[in-house]
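Let's take a friendly walk through a few helix contacts and a couple of individual residues. Have the coordinates open as you read along.

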Amino acid sequence: QPQSSKLILVKLDAKDLEPYESQALQKLQKTLEIKGFRKGKAPIEAVKNNVGQEKLESYTLDEALQGAWKSIMQKEKDLNPINSPKADIKSFDPLEISYTFDIMPKLKAISLKKIKVKKNTPTVDAKEIKETITNIQKQHTDWKVVERKAKKQDRVEIDFEGKIDGVAFEGGSGKRKPLVIGQGAFLEDFEKGIIGMSPKEQKDIKVTFPKDYQSDLQGKTAIFTITLHTVAEQKLPNIDEAFVKKVTDNKVNNTKDFDEFVKQKVLESKIQQEKQDRYKSLIDQIVKLGSFDIPQSLIDNESKEIIYQLEEDIKKYSMTLEDYKKHRKMSDEAFDTDVESQAKQRLTVRYNLLEIGEDQKIEVSEDEQKKLVEEVKQMSIKDPNKQYIAMHNAILQKKLQKTYKLLEETFIQ
C-alpha cells in the first residue's frame with residue numbers, strides 16, 4: 001500500500017449481520033406489496049417470508065457495506081479519508097470486506113523561517129522614459145505612402161502565393177495583405193525577401209519552414225511569388241500638447257509634465273512586475289519545501305478541475321479543448337502529462353501551505369466552522385460519508401485561505 005492509501009479489513013459473522021438484516025427488512029417493508037396487507041403495513045415476519053432469500057441477502061449486504069464503514073468512521077476519529085472507500089468482498093462466510101481509501105498525505109513540519117523572498121525597489125532611468133515615449137509614438141504612428149524600395153520598418157501591402165514542389169498549400173496565399181517588415185508577423189526569410197523590392201514589382205522568394213513549425217510544413221521549403229503593391233514609411237507624431245492630451249486621456253495638459261507621467265506609469269508597471277516576481281519566488285520555494293506521496297485520487301480530481309477551468313477560459317475565445325491542443329501543438333498524451341504536472345504542483349503548494357499553517361498555529365474558529373457547516377448543508381449531500389469529506393475539505397480550504405493571507409502580508413504586500 002502507498003503511504004497515502006489505507007486498507008482496513010472487516011469480518012462480520014452471522015450475529016454481526018443481524019442488525020443489518022433488520023435494517024434491510026425495514027426498507028423492504030416500505031416498498032414490498034404483500035397480499036392481504038396495505039403497501040408498507042405488512043409485519044416484518046411477513047416481509048421476511050415473502051421477499052425471497054436471495055433478495056434479502058442482497059439488501060442485507062448493502063446495509064452491511066455501508067454500516068461497517070460508518071462504524072469504522074465512528075471508532076477511528078483520526079483516519080481523515082479524503083475520498084469514498086472502495087469496498088471489496090473477500091469472502092461471504094464469514095463476510096469479509098476490505099475498504100481501501102486515500103488519507104491525508106504524511107507531511108513534514110515546515111517553518112515560515114525557511115522562506116526567504118527578496119524585495120527589490122524598482123527605479124526608472126531617463127533611457128527607459130525615452131524608449132517608452134518612442135513606443136507610445138509608434139502606437140499612434142501615421143503611414144505615408146512613398147515611391148521607393150522597401151526597407152525594414154516599412155509597411156507594405158502584398159499579394160503572395162506559396163508552393164511546395166509546385167503545389168499550393170493551405171494558408172500559403174493572400175491578397176493585399178499589410179505587413180510591417182521586421183515585426184515578425186511572417187517568417188524571417190519571407191520578410192527579408194521583401195526588402196529592396198519596388199512598388200509593382202514581382203519576385204520569387206525561397207523560404208524554409210522551421211522544424212518547430214506546423215507539423216505538416218516542418219522543415220519544408222516553399223517558393224513564394226510576391227507582388228508588392230505599396231510601400232509606406234513610418235511618420236511618428238510630434239510630441240506636442242494635443243498629442244500629450246490624447247495619449248493621457250487629458251490627465252496631462254502640457255509636454256513639460258509628460259515625462260513625469262510616463263515615469264510614474266513605467267514605475268507602476270515595474271512595481272507590479274516586482275510583486276509578481278516575489279509571488280513566483282514564494283510559490284517556487286513552497287514547492288521545494290517538501291515532497292510527499294500524493295494520492296492518485298487527489299491528482300485525478302485536481303486534473304479535472306484544471307481542465308474545467310481551462311475549458312471555461314477558452315470558451316471566451318470560442319475555442320474547444322481540441323482547438324486548444326491543436327493551437328499549442330500538443331498531443332492528447334502531452335496534454336494529459338502537462339495537466340497532471342500542474343495538478344501535482346498545485347497540490348504540493350496546497351499541502352505545504354497547510355503545514356506552514358500548522359507551524360503558525362492557524363485555526364478555524366468555532367464561528368467559522370458553524371458557517372461552513374451551514375454552507376455544506378446547502379449542498380444537499382445525502383451520503384453521510386460524502387458529507388464528512390465535504391466538511392473536512394471546507395475546513396482545509398479555510399485554513400489555506402488564512403495561511404495564504406498571512407504569506408501575502410509577510411512577503412508580497
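What follows covers two helix pairs and then two single residues in this predicted model.

**Two helix pairs**

The table sets out the two packings.

| Helix pair | Residues | Angle | Axis separation |
|---|---|---|---|
| α1 and α3 | 14-31 and 53-75 | about 120° | 8 Å |
| α7 and α10 | 258-289 and 332-359 | about 80° | 8 Å |

Let's begin with α1 and α3. With an angle of about 120° between them, α1 and α3 are oblique to each other, because values of 65 to 115 degrees count as roughly perpendicular and only those over 145 as roughly antiparallel. Their crossing is right-handed. On the α1 side, the contact is made by Leu17, Tyr20, Glu21, Gln23, Ala24, Leu25, Lys27 and Leu28. Helix α3 answers with Lys55, Leu56, Tyr59, Thr60, Glu63, Ala64, Gly67, Ala68 and Ser71. Sorted by class, the residues of this α1 and α3 contact comprise nine nonpolar, four polar and four charged.

Now turn to α7 and α10. Their angle of about 80° falls within 65 to 115 degrees, so α7 and α10 are roughly perpendicular to each other. From α7, the residues making the contact are Ile283, Ile286, Val287 and Leu289. From α10 come Gln345, Thr348, Val349, Asn352, Leu353 and Ile356. Here the class count for α7 with α10 is seven nonpolar and three polar residues, with no charged ones.

**Two residues to look at**

Helix α10 is also home to glutamine 342. Is glutamine 342 buried, partly exposed or exposed? Its relative accessibility is 34%, so glutamine 342 counts as partly exposed, the range between 20% and 50%. The side chain of glutamine 342 makes a polar contact with the side chain of aspartate 338, at 3.0 Å. For a longer view across the model, try methionine 73: this residue and glutamine 342 are 269 residues apart along the chain, and their C-alpha atoms are separated by 32 Å.

The other residue is lysine 325, which sits in helix α9, spanning residues 321-327. Lysine 325 has a relative accessibility of 8%, and because this is under 20% it counts as buried. Which residues does lysine 325 touch, not counting those up to four places away in sequence? They are Met330, Asp332 and Phe335.

Terms used:
Residues are numbered from 1 along each chain as its sequence is written. This is a predicted model: local features need pLDDT of at least 70, side-chain atom pairs count only at pLDDT 80 or more; totals for chains, interfaces and linings use all residues. Side-chain values use heavy atoms; hydrogens and water are left out. Axes are lines fitted to C-alpha atoms, for helices over the stretch in contact, and angles run from 0 to 180 degrees between N-to-C directions. Helices (H or I, at least four residues) and strands (E, at least two) are DSSP runs, numbered from the N terminus. Angles under 35 degrees count as roughly parallel, over 145 as roughly antiparallel, 65 to 115 as roughly perpendicular and the rest as oblique. A crossing is left-handed if the near helix is turned anticlockwise from the far one by less than a right angle, and right-handed if clockwise. Contact means heavy atoms within 4.5 Å. Ala, Val, Leu, Ile, Met, Phe, Trp, Tyr, Cys and Pro count as nonpolar, Asp, Glu, Lys and Arg as charged, and the others, Gly among them, as polar. Buried means under 20% relative accessible area, exposed over 50%, partly exposed in between (1.4 Å probe, protein chains only). A polar contact is a pair of N or O atoms within 3.5 Å; within protein, one must be able to donate a hydrogen and the other to accept it, and residues adjacent in sequence count only if both atoms are side-chain atoms.
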